[in-house]
Amino acid sequence: DAEEIIIYSRDEQKHHELQLDPANDPARVRSIIGDIRDLDQLRFAMKGVSLVFHTAAMKHVHLAEQHPVEAHKTNVLGTRHVIETALSEKVSRVIASSTDKAVDPINVYGNTKFMMELELMKADREKAGNTRFDVIRHGNLLGSKGSVVPLFIEQAKKGCLTLTYPAMTRFWIGRDSLLDSFHHCLHQSEGGETIIPRSPSCRIDVLACAIDEAVDQEVTGIRPGEKQHELLTSLQECPLMTDCGDHLIVRSPSASASMRGEAVAEDFQLRSDLAPQLTIQDMRELLIAEGWLP
């Protein structure tokens, strides 16, 4: 029922494809080309806006390793611009997308997303206005930019998939599951919360076989900044974390005592190598459901 939806991105190709999409309603959906590094353009785009979904990021791990200052400008300083603009324009809610790589980060991308989370939680604690800030921390979105899925699909056509480390594990989340998490946060969060959807995990070689078991696999070795396994939660968060079944919540220290869910054990962690593992058939069905395989 939104009166207007504004798509703000520096990627002009996205805007072009959106405007060509017959399912798009140009009376309600508007494109604005801009970068979250550009404070003036961001203020222009956010005037009259009540809700912001902050998903902008520089997120290719290897490129962030090569260009750490650029990653910092987008993921940290850009987030600060979103916060400042949301407060000045009196936006009601900001919900930001984070990543499992922000937990115990070892690479530039993970560190910048960790800083992004800290900036948002700090903004909510300080209550400089009526804006509420929340974070959705999730695993790899199937097929998103930076995802290995479209790469493997293209490589399969040429007969060889390149794997950096076959036993590497990752959390995977589908589009609808991620959207459900954003909706839950929008309607249930009190502000200052980190919502963590539970996601299945699988080995990279299992993913490769799910895409095409017949093609060869070439092992290239772990790249700089790449983890063997990922974490969705840290031990330090346990005192403020509750389990709500299909998702976990890390609440603000100032949150009300009547928090949703059950407290977790003091040594609780979601680890991709210890989480329930998808089989080749499980992953193939997930890829089909997400539209990546016929």
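**Figure 1. R203, at 33% relative accessibility, counts as partly exposed.** Welcome to the first close-up! In this view R203 forms a salt bridge with D205, and the closest N and O atoms are 2.8 Å apart. (A salt bridge is a side-chain nitrogen of Lys or Arg within 4 Å of a carboxyl oxygen of Asp or Glu.) The partner D205, at 15% relative accessibility, counts as buried. Here, buried means under 20% relative accessible area, exposed means over 50%, and partly exposed lies in between, using a 1.4 Å probe and protein chains only. Please keep in mind that this is a predicted model: local features need a pLDDT of at least 70, side-chain atom pairs count only at pLDDT 80 or more, and totals for chains, interfaces and linings use all residues. Residues are numbered from 1 along each chain as its sequence is written, and side-chain values use heavy atoms, with hydrogens and water left out.

**Figure 2. R10 and D35 are joined by a salt bridge.** Their closest N and O atoms are 3.0 Å apart. R10 sits in the loop between β1 (5-9) and α1 (12-20), while D35 sits in the loop between β2 (29-33) and α2 (39-46), so the pair ties together parts that are 25 residues apart in sequence. (Helices and strands are DSSP runs numbered from the N terminus: H or I of at least four residues for helices, E of at least two for strands.) D35 counts as buried, at 18% relative accessibility. A search of the whole structure finds 23 salt bridges. Among the other charged residues, D100, K101, R170, K227 and E230 are linked in a network of salt bridges.

**Figure 3. In helix α4, K73 and E70 are separated by about one helical turn.** Why that spacing? The two residues are three apart in the helix, which covers residues 68-88. Their side chains meet in a salt bridge of 3.2 Å, N to O. K73 is partly exposed at 33% relative accessibility, and E70 is partly exposed at 30%.

**Figure 4. The largest nonpolar core has 21 residues.** Within this core, F152, W172, L207, M283 and L287 touch the most other members. (A nonpolar core is a set of buried Ala, Val, Leu, Ile, Met, Phe, Trp, Tyr and Cys residues joined through side-chain atoms within 4.5 Å.) At least two core residues come from each of α6 (148-158), β7 (160-163), α8 (204-211) and α9 (280-289). The largest share, six residues, is supplied by α8. A second, separate core of 17 residues includes I36, A86, V94 and F133.

**Figure 5. Helix α6 packs its buried residues against β7, β8 (169-173), α8 and α9.** Which residues of α6 are buried? They are V149, F152, I153, Q155 and A156. Beyond its neighbours within four places in sequence, F152 is in contact (heavy atoms within 4.5 Å) with L161, T162, L163, I204, L207, A208 and I211. At the start of α6, a side-chain oxygen of S147 comes within 3.1 Å of the backbone nitrogen of V149. After α6 comes G159, with a positive phi near 95°.

**Figure 6. S199 lies in the loop between β9 (194-197) and β10 (201-203).** S199 is buried, with a relative accessible area of 10%. Leaving aside neighbours within four places in sequence, S199 is in contact with F171, W172 and I173.

**Figure 7. R251 lies in the loop between β13 (247-250) and β14 (262-263).** At 22% relative accessibility, R251 is partly exposed. Setting aside neighbours within four places in sequence, R251 is in contact with G192, E193, P239, L240, M241, T242 and M259. R251 and Q281 are 30 residues apart along the chain, and 36 Å separates their C-alpha atoms.

**Figure 8. K90 and D104 are a pair of loop residues to compare.** Most residues other than glycine have a negative phi. K90 is not a glycine, although its phi is positive, at about 60°. Its place is the loop between α4 and β4 (93-99), where K90 is exposed at 69% relative accessibility. D104 also has a positive phi, near 45°. D104 lies in the loop between β4 and α5 and is partly exposed, with a relative accessible area of 43%.

Terms used
Polar contact = N/O pair within 3.5 Å; in protein donor to acceptor, adjacent residues only side chain to side chain.
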